[in-house]
Amino acid sequence: MAIQSRNSSFQGKQYLPRVLIVARGLAGLLLAILLEHINWPYQIFERAEAVKPIGSTLALSPNILSAMEQTGIYEDLLKASVRGVGINLYNEQLKMIFSTGITTIKELSVYDYLVFPRPVLYDLLLAKVPKEKTAFKKKVLSIKQTDDEVTIHCSDNTSYEGDILVGADGAYSAVRQCLYKQLAQENKLPARTPNR
Ligand SMILES: Cc1cc2nc3c(=O)[nH]c(=O)nc-3n(C[C@H](O)[C@H](O)[C@H](O)COP(=O)(O)OP(=O)(O)OC[C@H]3O[C@@H](n4cnc5c(N)ncnc54)[C@H](O)[C@@H]3O)c2cc1C
């Protein structure tokens, strides 16, 4: 699979750096939509056969909601949401240990604190990304960077080249682990903070 620049020029540049996004979670989809908006060449590589929107509720704070407006899903998300009015934290014995009201949050930040079903957000984001932009069953095992390009290697023995690699592959990111390994080999990691 080759990812092609769809524009021969953009803001005076003749060449658009190709973006490889690993993978198709919430972060990868959000970036993909923003790249779609500016007609930038990208491809998503996802290890799953198909992505199932799992999870129950999700809450989003005002700081990210302007990004939801940029993606064009904010109004639909608002319709599927309830507005948060406060946050209560409980310990493992279900004893409340902290409570705060957040009713003034909209006055301070323009947006409410929204609570909604996680699959709704996922489906709204998914609908904005063309299907052909995702290659499924592509588990990234390693990456290689040179001065000219970056290459990802997948578990099905395929490789793909691009100019920018974005590791959006979650908490146990293989991209990040590979990056650290490479930086360690090149002695470019900062010295560890001693244990206190
Ligand atoms: C119980 C729970 C409750 C949460 N509640 C909230 C909340 O209320 N509000 C909030 O903002 N956040 C919440 N979070 C956090 C939120 O879910 C995560 O921050 C968010 O899902 C991270 O998105 P992501 O795209 O970075 O990663 P993920 O959603 O984890 O997606 C990672 C993707 O990478 C793919 N992948 C992984 N490894 C590879 C590989 N090697 N090659 C190719 N693909 C790969 C996976 O298949 C997956 O599709 C919660 C998390 C949990 C667990």
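Begin by selecting Ala23, a residue of the loop between strand S1 (19-22) and H1. The model on display is predicted. Display the backbone from Val22 to Ala23: the peptide bond joining these two residues is cis, and its omega is near 25°. Most peptide bonds are trans.

Continue along the chain to Asn39, in the loop that connects H1 with strand S2 (42-45). Which sign does phi take at Asn39? The value is positive, near 60°, in a residue that is not glycine. Most residues other than glycine have a negative phi.

**The ligand and its polar contacts**

Next, select the ligand together with the residues around it. This shell holds 19 residues, and those that come nearest are Ala27, Glu46, Ala59, Arg118 and Val140. Two of these residues can be picked out for their side chains. For Glu46, an N or O atom of the side chain is 2.6 Å from an oxygen atom of the ligand. For Arg118, the corresponding selection shows a side-chain N or O atom 2.8 Å from a ligand oxygen atom. Then switch to the backbone of Leu26, where an N or O atom lies 3.1 Å from an oxygen atom of the ligand. With a surface switched on, consider how much of the ligand is covered: on its own the ligand has 1,000 Å² of accessible area, and the protein covers 55% of this.

**The pocket and its shell**

Keep the surface in view and turn to the space that the ligand takes, which is the largest pocket. Which elements give two or more residues to the shell around the ligand? They are helix H1 (26-37) and strand S3 (57-60). Of these, select S3 to see the largest share of the shell, three residues.

Colouring the shell by residue class gives 11 nonpolar, two polar and six charged residues. Colouring by domain instead shows a shell drawn from both domain 1 (19-50 + 136-185) and domain 2 (57-126), with at least three residues from each.

**The loop at Asn91**

Finally, leave the ligand and select Asn91, in the loop between strand S5 (86-90) and strand S6 (96-101). What does the side chain of Asn91 reach? Its partner is the backbone nitrogen of Lys95, at 2.9 Å. To end the tour, add Glu186 to the selection: Asn91 and Glu186 are 95 residues apart in sequence, and their C-alpha atoms are 44 Å apart in space.

Conventions. Residues numbered from 1 in each chain as written. Predicted model: local features only at pLDDT ≥ 70, side-chain atom pairs only at ≥ 80, totals over all residues. Heavy atoms only, no water. Near = heavy atom within 4 Å. Polar contact = N/O pair within 3.5 Å; in protein donor to acceptor, adjacent residues only side chain to side chain. Areas by Shrake-Rupley, 256 points an atom, 1.4 Å probe, with all protein chains shown as cover. 1 Å grid on protein atoms, 1.4 Å probe; cavity = no way out; pocket = protein on both sides within 12 Å on 5 of 7 lines; lining within 4 Å. Sits in = over half its atoms within 2 Å of the grid points. Helix = DSSP H or I, 4+ residues; strand = E, 2+ residues; numbered from the N terminus. Nonpolar A, V, L, I, M, F, W, Y, C, P; charged D, E, K, R; others polar. Domains from an automatic or database assignment.
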